[in-house]
Amino acid sequence: MTTRAIDPTFLALPLDRLADVALDIARKRGATYADFRVERLRNHVIVARDRELQTSVEGETVGFSVRVVANGAWGFAAGVDLTVEAVSDVARRAVEVAQSLAPLNTEPVTLADEPVYHDTYVSSYEIDPFAVAEDHKINFLLTLNERALASKLIDRVTSYLLLVREQKYLASLSGSRITQQRVRVKGDFTAVRIDKSTGAFETMGNAAPPAGQGWEYFTTGYDWGKDADEIPALLEQKMASPSIAPGRYDVVIDPTNLWLTIHESIGHSTELDRVLGYEANYAGTSFATLDKLNTLQFGAPMMHVTGDRQVEHGLSTIGYDDEGVAAQTWDIVRDGVLVGYQLDRQMAHKQRFGRSNGCAFADQAGRVPLQRMPNVSLSASAKPITLNDLLSGMGDGLYIVGDKSWSIDMQRYNFQFTGQKFFQVRGGKIVGQVKDVAYQSRTTDFWNSMEAVGGPSTYVLGGAFNCGKGQPGQIAPVSHGCPAALFRQINILNTAQEGS
Amino acid sequence: MSRGALQTDQHPQHRAGGVLTLQDTIDRVLRLSTADACVVIARRVASVNVRWAHNTVTTNGDADEVQLSVMSIIGRRVASVTRSYFPPEQLEDIVREAEAACERRPDAPDYLPLLEGNGEPGDWGAPPADSDIHVFDPFVPQLRQLYEDARRADIATFGYSELQTATTFVATTTGVRKRYTERIGKVEITGKTPDFTRSSWVGRITHDFLDIDAREMFETLRQRLDWAGRTIDMPAGAYEVLLEPSAAADLAIGAYSFMTRRDADEGRSPYSKQGGGTRIGERLFGDVTLYSDPAEPRIEATPFHYGVDSGGASSVFDNGLDLRRTEWVGGGVLKNLIAPRYWAAKTAGTDAVPYINNLVLDGHGPSMDEMIAQTDRALLVTCFWYIRTVDPQSALVTGLTRDGVFLVEGGRVKGAVNNFRWNMSPIAALAQATQIGRSGLALPREHDEFLRSKAPALRIERFNMSSVSEAS
């Protein structure tokens, strides 16, 4: 558990005083709902290309927003200057926006109830990455690259770190005052091998998931050196491996790849704003419509998927969402059947779900909170099923490791994924790699073809920093835990043939 | 506009501890610098947006954002600090933080002396451009009419409109002073039948909403939804396609996104030559011409380089570098690849070929209606979605058709076809363009952040529709 406290320089900002100003103006000008949010976001991006530091860019944004409901319509305005004058101006603008657009609004906004909270939350991490000297971080990457380049089997290495510390303050007209701080980190390492005689090249990246952890993730949280040592030989093997024959294959998918399939096909399809059409012009809609709730056989009977904002080190984990709703955990798919959605307060009220399950998120002060994805995770089997058990159960087929390319249609039916490594399996044993592989399927076909899920020993909390949604576009960090799993008769493409 | 007591030449950002304009802030930072050299980038972005669904407004926003980046250079080392909140009393801390970070850095591999400048342009002291929610005022009645028309036609519309104004200042201790204001926005509308089984999309670039005709956009949607009154199931396979300009722009931007010279020189790009070097000079693109020009009418882009990070396609030491019309592909021949000064000097001994934030796929041919009339059998594709790289070696990307695929036979649209997942290299696709229409403003659906593009409709001979998508 963390022993960290919220950065005192954030607490030293005049948060409560400015909140009082904003909320008072909003109330006096007719707002029936109002919230005031301050966010400070610190980022550090470091990139090392081969033996050189390519870039190291550190930045901080701070700002605030006022969101109101007036005349039944939303109004939103944002600014950066943490003064009474600027906050007053933005609060007036937010009400003005609501009132000017109210004539275009035919559905008066009403929010689901939520208790009032006065609380503080700090995510679980040990070492604030911004307390670590920059040269230490740069040396981490250069040492990693040097270790990989010691092998003659690769020609190039690029690695990078993304480090984020996020602080949020939320006050609402109903009385909540919530202060939160989270830290998240991501590291990536990709090797390139080039055959100069043919011009062919191939890449292989490591599979370290991003995590809601601190700098400890780069020292004791993941074995980075092992990746640097192993990837050159694996890449050489991949480049020399046979090109896959397209067709139907049984596959065991490693959690380092399966998390992304969960994200795209389950996570996005069960966002209620998509289901209701709010994303129809951009991110898309969903096949998992409300009439299918509690009836759609989303997947095989052993499929159990939860939504949560509570798992330790989860990228979507937080104390309260951006509408002041306390973090929760709930079922999305139970025994293979669709049983739940991701909600915010407006949709929870409109669709009579009662309470929101806390999925409102804005990626910075200047953006409106949207319904964003919680951690969406596939449960492991309670039985001690190992990776070898799954491979043995499969017999012949492919074992797919690491994520790479991904794409899915706007209703979340048809998807195509590649990976970093594709191991050929015969008689339950790995016998080598194949290349030029992509798997393509239809969401419910895919999840209903799942025959077995691994036990706790195969479980990994994967995820992404950069889930995109909304207009103007916002990105959100999100985790997806899952075990390795066995799927039968999946359509495998040969990407070289597709390209020709 | 109404911004309370604010004067338009004073951004509220700088009120804490006294008033400083962005230009004053820049001057003070440069004076505070004790490094060998210093670069300052200040950028103010004012944006307004309105979003709607089911013929009613959902979210909206009116936001100002300001960023100050200070890059200190000591010896051959460089470090930057970027802040969105920088009251005058904090400026010295920001400068010292950048200088301290610089001391701990290794030498920058892209180090070059900064460009020499010749002082302030005439408009240097003018306030940054502004915008506010009232820029929508002429558009609101159109939206209200759109919703009424749509309800009467039993069509649900979903859409988004935004206008963004960004002023960028670049200044250096070597005398560079550059500023530019970009202003661009868009309106896009998706129309669906109540059961969501028919869907269509239309998008337009705007500079002030006065150039938007929402009724014309709605009539286009309605025509496409009427076409979808007849549905035709088509299997996966290779088809001749007619691409609307939005889809053509997405392909062109896809091809442009691979054009980093360093990657090509290092042998890890589709533009790498077997045995070493680049494929500049090879005819890779059929008859296509592709260029960028910061002065291109209606998609004008900031005419100088600015940025806080270095990479294969950019360098912090190039801040302030003038951008000029650059032909990437001429008559199908690859002419140029993006190279910052350090890479151009290291490899080719030539001038830099900087990245430019607009793109024109040239075309002077027929209109889409004329192309349809000349078609025996093809699929008409409205736009693309979810395009991702599958194989950088061949530039193979995957993506989907979206919101309108139609079968054209005998010079007429016969009905709507199911959507497809496709796998195709944008280079190969452009090389197979057998007919190039008339280039105009285009709103790429996938690369939706890339608002400055022009493209024509294209006829592509064989487009690999890999599988059927039942999305509608």
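Where is Pro472(A) found in chain A?

**Figure 1. A cis peptide bond before Pro472(A).** This is a predicted model, as are all the views below. Pro472(A) sits in the loop between β20 (460-469) and β21 (474-482) of chain A. The bond that joins Gln471(A) to Pro472(A) is cis. Its omega is about 0 degrees.

**Figure 2. Positive phi at His313(A) and Arg412(A).** Neither residue is a glycine. Phi of His313(A) is near 70 degrees. His313(A) belongs to the loop between β9 (305-308) and β10 (329-334) of chain A. His313(A) has a relative accessibility of 24%, so it counts as partly exposed. Arg412(A) has a phi of about 70 degrees. Look for Arg412(A) in the loop between β15 (397-408) and β16 (414-426) of chain A. Arg412(A) is buried, with a relative accessible area of 2%.

**Figure 3. Arg345(A), a buried residue without a salt bridge.** Arg345(A) lies in helix α8 of chain A, which covers residues 345-350. The nearest side chain of opposite charge belongs to Glu323(A). That side chain is 5.0 Å away, and a salt bridge needs the side-chain nitrogen and carboxyl oxygen within 4 Å. The side chain of Arg345(A) does reach the backbone oxygen of Ala112(A), at 2.9 Å. Beyond its neighbours within four places in sequence, Arg345(A) is in contact with several residues, among them Tyr33(A), Thr110(A), Asp113(A), Val325(A) and Ser356(A).

**Figure 4. A salt bridge between chains: Arg49(A) and Glu266(B).** Side chains of opposite charge can pair when their charged atoms come close. Here the closest N and O atoms are 2.9 Å apart. Arg49(A) lies in strand β1 (residues 33-49) of chain A, and Glu266(B) lies in the loop between α6 (261-265) and β9 (290-292) of chain B, so the pair joins two chains. Arg49(A) is buried, at 8% relative accessible area. Glu266(B) is buried too, at 8% relative accessibility.

**Figure 5. Two salt bridges within chain B.** The first pair shown is Glu97(B) and Arg83(B), with their closest N and O atoms 3.0 Å apart. Glu97(B) is in helix α2 (residues 91-103) and Arg83(B) in strand β3 (residues 77-83), so the pair ties together parts 14 residues apart in sequence. Glu97(B) is partly exposed at 32%, whereas Arg83(B) is buried at 7%. In the other pair, Asp403(B) meets Arg445(B) at 2.9 Å, N to O. Asp403(B) is in strand β14 (residues 396-409) and Arg445(B) in the loop between β18 and β19 (453-455), so this bridge ties together parts 42 residues apart in sequence. Asp403(B) is buried at 3% relative accessibility. Arg445(B) is buried at 3% as well.

**Figure 6. The second largest cavity, lined by 22 residues.** The volume of this cavity is about 340 Å³. Nearest its centre lie Trp74(A), Tyr278(A), Gln346(A), Thr58(B) and Thr59(B). Elements giving two or more residues to the lining are β3 (73-79), α8 and β13 (370-371) of chain A, plus β2 (56-74) of chain B. β2(B) gives the most, with 4 residues.

**Figure 7. The largest pocket, with about 730 Å³ of space.** Its lining has 31 residues. Val202(B), Arg204(B), Arg224(B), Glu244(B) and Pro245(B) lie nearest the centre. Among the elements that give two or more residues to the lining are β6 (199-206), α4 (214-227) and α5 (245-257) of chain B.

Methods. Residues are numbered from 1 along each chain as its sequence is written. Chains are lettered from A and ligands numbered from 1 in the order in which they are written. This is a predicted model: local features need pLDDT of at least 70, side-chain atom pairs count only at pLDDT 80 or more; totals for chains, interfaces and linings use all residues. Side-chain values use heavy atoms; hydrogens and water are left out. Buried means under 20% relative accessible area, exposed over 50%, partly exposed in between (1.4 Å probe, protein chains only). Lys and Arg count as positive and Asp and Glu as negative; His and the chain ends are not counted. A polar contact is a pair of N or O atoms within 3.5 Å; within protein, one must be able to donate a hydrogen and the other to accept it, and residues adjacent in sequence count only if both atoms are side-chain atoms. Contact means heavy atoms within 4.5 Å. On a 1 Å grid over the protein atoms alone, a cavity is a set of points where a 1.4 Å probe fits but cannot get out, and a pocket is an open set with protein on both sides within 12 Å along at least five of seven lines; lining residues have an atom within 4 Å of a point. Grid points are joined across faces, edges and corners, and a volume is the space filled by probe spheres set on the points.
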